[in-house]
Structure formats: structure tokens, C-alpha cells
Amino acid sequence: MSTQGEARALIAAVRDRHGELAEGGFAADRDNADPTANLALLAGLGVARLAVPAAYGGLWDGTERGGWGAVIRAVREISAGDGPTGQNWLTTALAARELFGPDSGLPEPTRAELARRLLDDGLRLVSSAAETGVSGKTTARPVTGGVVLNGTKSFNTNSGGLGVAAVRCLLAGEPPTPYQVLVDLTHPQVRLHDDWDTMGQRGTRSQTVTYQDVFVPDGRHQPLAGPFSPVFLGAAMLLHAGLLQGIGEGALDALVQHTRTMKRGSLPQFATPAEDPLILRRLGALSSRLAASRALLHTAADQLETGQDGEDDGTVDCFRAKVAAVDAALEAAAGIHEVTGARSTSNAFRYDRFWRNARTFASHDPTDAKNVYIGGYELSGHLPALSSIIRL
């Protein structure tokens, strides 16, 4: 089977396990817990191969543009089963692309070790970068044989499964150097605060993490290459869109499955939902809207991978796809109870988790800012500076 064929087979295998992923996500949401079983299921399927270079046994060709279409489709399918599981897997995939990418300075033995653990042990990666709401910068100081890391990061998605954190920091010097170190979260001088308490995406366990005098040996730290490229930023936008698209599709699937069990229509004259044009209209409208946002997502992902469009056209389509997925997902997630009625609000179903997950993640960065960016492109014919809407 070709590499593309193997990637398609992995994505299809995820699609076939939507039901199990939904059950695991239901339990994790109820218990405010990490969806450990879901991530183990994905590891067993070998989905990590999509984020590991072919040189180490994966399916990615190792280039900046290669493989994004498959990764973005995988995120959509995983998130259709469970949104938090999708965000956790997305985090591992995005961090792997950075660690194995063309600009990475990690030595060969470290790359080989990470690849083996991703493929064989179900290793999960954490992008430990955010410092919103904490005091001071995370720093590393050189010592014999490595560096010592100190600081606190406020948003650490996927840390409920421990794994390895890719920590952004400043290396002490004049001037300080943007730096990255790899830390196993099982290290005794790493403190996990267990303070993730939100209405949605609960299973991401995006808790605060403190690093106190953590020694990181040589071979597991490197200077940062500089600002992310437009390709990487566009891919990140599409991964976010894929996550939201999947949540919306999962919501529609739950709505359809529940509606099939209903014994009456919305009004007395309709004996069954299948005879009720109000229900059919709602289902049809949601299905069409999600199909449209999915088509834009896939088209933008394929254009990003092939580089066929101009850079500006390709980047703005990534932003359009994010906007479309946010709108479609929120509409689908909000429509469940309108169609299925008051009984479906029971916690026995937890259908509200789709809206809570979509609304929580959609708040990550403002949709209005994306529309301002797109509108500026429409009027001027060129893209505004990314720094005008994204904190780089």
C-alpha cells in the first residue's frame, strides 16, 4: 500500500471507532478526567504514524508542507468522536511537527528516541508555551551537561497523560536567547497544579505546570529557530478548524441517532420525526452547513500541502476555514435540544457537552479578529501583518 493509502486507512480506522471515542469522551467529561482510554485506542491504531517522519517509521515525508492533509483529516475524525481527545492528539501532532521539522536542531539520537516512544509507547507531547496569568518568564540557565529550567506555564493541553513537554523559555545570557527544552512530566521537580476547571474541553487537562530547578541534559534542548512560518501558522489554523468541524459533526451524529429513537414529531399532527418537515428541515440545514465547512477545510488543507495557490490566497483560506468551522459547529451543537426536546437535556445523555466543547475551544482566539483579517485582504488584496491579530 502507498503512503497515501496507509494514511487513508488510518483515518478510516478512526472513523470506524467513533462510537468508542464518544463513550470514552462521555466518561471523561462526566468525571472531569483525562480521556486515557481514547488516547490508548488511537495509539493502538497507529495514528501517530501520521505525525512521525518516514525515516523513523512514520508516514510523513519530513518536509514543511508534507502530510498536513492527512493530519488535519485525522483531527476532524477523532474530534467527531470526542473533542477533547481530538485536541489532545492535535497537540501531540503539532509538537511532533515542530520537533522533527526541517528547522529542528535536536540531535539524531533524541529524534530517534522520541519517534520510538511515539510509535511504540503511545507517548503524548505537550506544548508548554503559554504564560498568561503567571508572574515572570520561564528561564533556563546553562550548567555542566545541560541546562536547569525554572518557571510556570499556564496552559498545558494533553498533560493529563504526562508524557514529554516541549517548554519554551529564555536561555540566560546577554541578550537572553529564545529556547526550547524537553521535559518528562514524571520528573520529581515538575509540579502539575490540577487546576483545569472549565465548562468544556474538560478532558484536555490544560492545567498549570511549574518547573522548579529541573535539570535537562544536553541533547534535549535547542535554540528556537525564530517565528513560525506562514505554512506552520496556516496548518495550526486548519487543525483548530478540524477540531471544531469534528465537534460539529459529532453533534449532528448524536442528534440524528437520538431523533431515530423518538416516538413522535415536534407537533401533534406528525406521528414520527421522519414525517415532520420541521425536524427534517433542521437536520438538512445543519448537514449542508457542515458539509460546506468540511469542503473548505479539506480544500484549504490540500492547497497548503501542495502549495498550488499563492501564499496569501492559501493563508486566507486557512482563516476562512476556521471561521466557517466555528460557525457550523456552534450551530450544530446548539441545535440538539431544539430538535430532540426537553428529555434530551438529561445528564444521562450529556448532549450539552458538544456545545460546551465547541464554545470553549472557539473562544481560544476571537472569530471577529479572523474576519477582520479576511476583510482586510478582500479590500486591499494583500494580507495584513499576522502580528496585528495574533500574539506571536
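This is a walk through the helix packing, the cavities and two backbone features of a predicted model.

Start with helix H5, residues 83–100. H5 packs against helix H7, residues 230–259, at an angle of about 165 degrees. Their axes lie 10 Å apart. Angles over 145 degrees count as roughly antiparallel, and H5 and H7 are therefore roughly antiparallel to each other. Their crossing is right-handed. On the H5 side, the contact uses Gly83, Gly86, Gln87, Leu90, Leu94, Arg97 and Glu98. H7 answers with Phe232, Ala236, Leu239, His240, Leu243 and Ile247. By class, this contact has seven nonpolar, four polar and two charged residues.

H5 also meets helix H6, residues 108–120. Here the axes come within 11 Å and cross at roughly 160 degrees. That angle makes H5 roughly antiparallel to H6. The crossing of H5 and H6 is left-handed, whereas that of H5 and H7 is right-handed. H5 contributes Thr92, Ala96, Leu99 and Phe100. From H6 come Arg111, Leu114, Ala115 and Leu118. The contact of H5 with H6 holds six nonpolar residues, one polar and one charged.

Some of these residues return in the cavities. The structure holds two cavities of 30 Å³ or more. The largest has a volume of about 110 Å³. Its lining consists of Leu39, Leu42, Ala43, Val47, Ala48, Trp89, Thr92, Leu118, Gly122, Leu123 and Arg124. Two elements give two or more residues to this lining: helix H3 (36–45) and helix H5. The largest share, three residues, comes from H3. Eight of the lining residues are nonpolar, two are polar and one is charged.

The second largest cavity has a volume of about 30 Å³. Ala48, Ala51, Val52, Trp89, Thr92, Ala93, Ala96 and Leu118 line it. This time H5 gives the most, with four residues. The lining of the second largest cavity has seven nonpolar residues, one polar and no charged. Ala48, Trp89, Thr92 and Leu118 appear in the linings of both cavities. Thr92 and Leu118 also take part in the contact of H5 with H6. Ala96 belongs to that contact and to the lining of the second largest cavity.

Another helix pair is H4 (residues 68–81) and H8 (residues 277–306). These two pack at an angle of about 155 degrees, with axes 8 Å apart. That makes H4 roughly antiparallel to H8. H4 supplies Trp68, Gly69, Ala70, Ile72, Arg73 and Arg76 to the contact. H8 supplies Arg294, Leu297, His298, Ala301, Asp302, Leu304 and Glu305. The residues of this contact divide into six nonpolar, two polar and five charged. Among the charged residues are Arg73 and Arg76 of H4, with Arg294, Asp302 and Glu305 of H8.

Now turn to the strands and the loops between them. Strand E3 covers residues 146–156, and the loop between E3 and E4 holds Asn158. Asn158 has a positive phi of about 85 degrees, although it is not a glycine. Strand E4 (164–171) is followed by a loop to strand E5 (177–184), and Pro175 has its place in that loop. A cis peptide bond joins Glu174 and Pro175. Its omega is about -5 degrees.

Terms used: Residues numbered from 1 in each chain as written. Predicted model: local features only at pLDDT ≥ 70, side-chain atom pairs only at ≥ 80, totals over all residues. Heavy atoms only, no water. Axes fitted to C-alpha atoms, helices over the stretch in contact; angles between N-to-C directions. Parallel < 35°, antiparallel > 145°, perpendicular 65-115°, else oblique. Contact = heavy atoms within 4.5 Å. 1 Å grid on protein atoms, 1.4 Å probe; cavity = no way out; pocket = protein on both sides within 12 Å on 5 of 7 lines; lining within 4 Å. Points joined across faces, edges and corners; volume = space filled by probe spheres on them. Left-handed = near helix turned anticlockwise from the far one by under 90°.
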